[in-house]
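Me: I would like a close look at one part of this model, the nonpolar packing around a single aromatic side chain, and then an account of how the rest of the chain is arranged about that part. Please take it slowly and keep to what can be computed from the atoms.

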Amino acid sequence: GGSYLSDSNHRYISERFGVEVLNGYGLTEIAPVTANSRNFGKIGSLGEFCKGLECRIAGSADSQNGEIEVRTSDSFLGYIGMPDESADVIHDGWFKTGDLGRLVDGKVLFVGELKRTRKVNGQIVDLKEVEKAILNTGKVRRTTVSGETNHIHADLVLVGNGENREEKDIL
């Protein structure tokens with residue numbers, strides 16, 4: 001349940017403690033997906049795709065930039081009792097992670113997220129739920145919530161006579 005380790009934090013931890021930090025990537029549904037190997041790790045990299053999984057960067061002609069997708073015969077066939085959610089993330093046997101990546105020298109670099117969730121201090125925050133909570137205050141007519149790791153932002157149109165707009169950093 002950790003958040004993305006930024007290049008600057010990766011470098012800081014490595015240098016501060018004099019250790020090799022080996023970053024990796026995985027999901028609850030299919031974990032692990034990538035790993036850096038000892039003495040071959042690269043700062044900013046999530047590592048190479050793990051053996052035993054079919055993995056790809058989908059969504060571009062050159063397969064260098066796009067959504068990280070995983071297919072395997074022995075894990076994650078869908079969410080129990082949630083056929084719609086399963087259909088949203090599994091296409092032709094490929095699990096669509098909702099995360100964007102890029103391949104550089106055989107290693108996966110994290111680019112961002114497609115899904116409408118963000119991690120804040122290691123906790124997943126559903127941006128649609130934040131929008132719903134803001135609208136339920138009765139003080140906001142319309143909102144768009146966006147963000148990146150450890151930062152959530154809202155563009156608000158307040159209730160009133162005109163188009164009273166306001167921007168707020170929520171977290």
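Reply: In this predicted model, phenylalanine 95 is in contact, once its neighbours within four places in sequence are left aside, with Leu27, Glu29, Ile30, Ile68, Glu69, Val70, Phe76, Tyr79, Val89 and Ile90. Phe95 also belongs to the largest nonpolar core, a set of 14 residues in which Tyr25, Ile30, Val33 and Phe95 touch the most other members. To this core at least two residues each are supplied by strand E4 (54-58), strand E5 (65-71) and E8. Another core lies apart from it, with 10 residues that include Val125, Val145, Ala154 and Leu156. As a general background to such groupings, nonpolar side chains in soluble globular proteins tend to be buried together.

Val33, one of the residues named above for touching the most other members of the core, leads on to phenylalanine 49, whose contacts beyond four places in sequence are Val33, Thr34, Cys55, Arg56, Ile57, Ile68, Leu103 and Val108. Ile68 is thus a contact of phenylalanine 49 and also a contact of phenylalanine 95. Phenylalanine 49 is placed in strand E3, and it counts as partly exposed because its relative accessibility is 21%, where buried would require a value under 20%. Its C-alpha atom is separated by 9.4 Å from that of glycine 24, although the two residues are 25 apart along the chain.

Strand E3 (residues 45-49) also holds serine 45, which counts as buried because its relative accessibility is 0%. The side chain of serine 45 reaches the backbone nitrogen of glycine 47 at a distance of 2.8 Å. Beyond its neighbours within four places in sequence, serine 45 is in contact with Asn23, Asn36, Lys107, Val108 and Leu109, and Val108 appears as well among the contacts of phenylalanine 49.

Asn23, a contact of serine 45, is likewise in contact with leucine 5, for which the other contacts outside four places in sequence are His10, Ile13 and Val21. Leucine 5 is found in the segment before helix H1 (7-17), and it counts as buried because its relative accessibility is 18%. From leucine 5 to asparagine 39 the separation is 34 residues in sequence and 19 Å in space, taken between C-alpha atoms.

The backbone has some features that deserve attention, given that most residues other than glycine have a negative phi and most peptide bonds are trans. The peptide bond from alanine 31 to proline 32 is cis, with omega near -10°, and proline 32 lies in the loop between E1 and strand E2 (34-35). Asparagine 39, in the loop between E2 and E3, has a positive phi near 70°, and it is exposed because its relative accessible area is 64%. Aspartate 105 has a positive phi of about 55° although it is not a glycine; it lies in the loop between E7 and E8 and counts as exposed because its relative accessibility is 73%.

Which elements, then, give two or more residues to the lining of the largest pocket? The largest pocket holds about 1,200 Å³ of space, and the elements in question are strand E1 (24-25), helix H2 (83-89), strand E7 (94-104), strand E8 (107-113), strand E9 (117-120) and strand E10 (123-126). E7 gives the most to this lining, with five residues. The lining has 37 residues, and Leu27, Thr97, Lys115, Thr117 and Ile124 lie nearest the centre of the pocket. Leu27 therefore connects the two parts of this description, since by the cut-off of heavy atoms within 4.5 Å it is also a contact of phenylalanine 95. By class, the lining has 11 nonpolar, 13 polar and 13 charged residues.

For the setting as a whole, the protein chain has three helices and 13 strands, and its C-alpha atoms fill a box of roughly 60 × 45 × 30 Å along the principal axes. Of the 171 residues in the chain, 33% are buried. Among contacts between residues at least 6 apart in sequence, 33% join residues at least 24 apart.

Methods:
Residues numbered from 1 in each chain as written. Predicted model: local features only at pLDDT ≥ 70, side-chain atom pairs only at ≥ 80, totals over all residues. Heavy atoms only, no water. Helix = DSSP H or I, 4+ residues; strand = E, 2+ residues; numbered from the N terminus. Buried < 20%, exposed > 50% of the residue type's maximum accessible area, 1.4 Å probe, protein only. Polar contact = N/O pair within 3.5 Å; in protein donor to acceptor, adjacent residues only side chain to side chain. 1 Å grid on protein atoms, 1.4 Å probe; cavity = no way out; pocket = protein on both sides within 12 Å on 5 of 7 lines; lining within 4 Å. Points joined across faces, edges and corners; volume = space filled by probe spheres on them. Nonpolar A, V, L, I, M, F, W, Y, C, P; charged D, E, K, R; others polar. Core = buried A, V, L, I, M, F, W, Y, C linked by side-chain atoms within 4.5 Å.
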